[in-house]
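Here is the note you asked for, on one residue and its surroundings. Please read it with the coordinates open.

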Amino acid sequence: MSDVTNIIFALSIVDVDRGKMDEVNTYFVDKGIKPLVSVKDERLPRAWYGGSKYLETGLYLGAFNHLNLDDFIKHVRTISWEFPESVQIIVKEQEDMKFTIIDLDLMAQNSI
């Protein structure tokens, strides 16, 4: 039986350029799971999304079966972010009616 977790992951373009999504995606790769994919992935048509401009943020998507969301969030919190205030995990689990933005509180962690 499926238990799907839909994830939208957003971060600053500076952290994208610093390769931080590779660090995020080690969580999935280490488990043999296809990682989060950029909306700008070269396998997708350029600017396939709506609007008249290109996105100016790092935005990644994925749907995962039986994801341990708490473990994934713990993993994300271990990463050193240039702009932690820009990191967002937006989640809709199997039975949820709408998405929820997870409060990562990364700013407090970086000030410790």
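The points below go from the residue Ser38 to the sheet around it, in a predicted model.

1. Ser38 lies in strand β2, which covers residues 37-38. With a relative accessible area of 16%, Ser38 counts as buried because this value is under 20%.

2. The side chain of Ser38 makes a polar contact with the backbone nitrogen of Lys40, at 2.9 Å. Leaving aside residues up to four places away in sequence, Ser38 touches Leu44, Leu59 and Tyr60.

3. Strand β2 is joined to strand β3 (residues 58-65) by 2 bridges, and the two run antiparallel. Val37 has Leu61 of β3 opposite.

4. Where does β2 stand in the sheet? The sheet is open and has 5 strands, in the order β2-β3-β1-β4-β5, with antiparallel pairing. β2 and β5 (100-102) are at the edges; each has a single partner strand, so one side of each has no neighbour in the sheet.

5. Two helices should be inspected along with the strands. Helix α2 (residues 20-29) packs on the sheet, where α2 touches β1 (4-11) and β3. The direction of α2 makes about 165° with that of β1. Helix α3 (residues 69-77) also packs on the sheet and touches β1, β4 (88-93) and β5. The direction of α3 makes about 175° with that of β4.

6. To sum up, Ser38 is buried, although its strand, β2, stands at an edge of the sheet.

How values were computed:
Residues are numbered from 1 along each chain as its sequence is written. This is a predicted model: local features need pLDDT of at least 70, side-chain atom pairs count only at pLDDT 80 or more; totals for chains, interfaces and linings use all residues. Side-chain values use heavy atoms; hydrogens and water are left out. Helices (H or I, at least four residues) and strands (E, at least two) are DSSP runs, numbered from the N terminus. Buried means under 20% relative accessible area, exposed over 50%, partly exposed in between (1.4 Å probe, protein chains only). A polar contact is a pair of N or O atoms within 3.5 Å; within protein, one must be able to donate a hydrogen and the other to accept it, and residues adjacent in sequence count only if both atoms are side-chain atoms. Contact means heavy atoms within 4.5 Å. Two strands pair if DSSP finds at least two bridges between them. Axes are lines fitted to C-alpha atoms, for helices over the stretch in contact, and angles run from 0 to 180 degrees between N-to-C directions.
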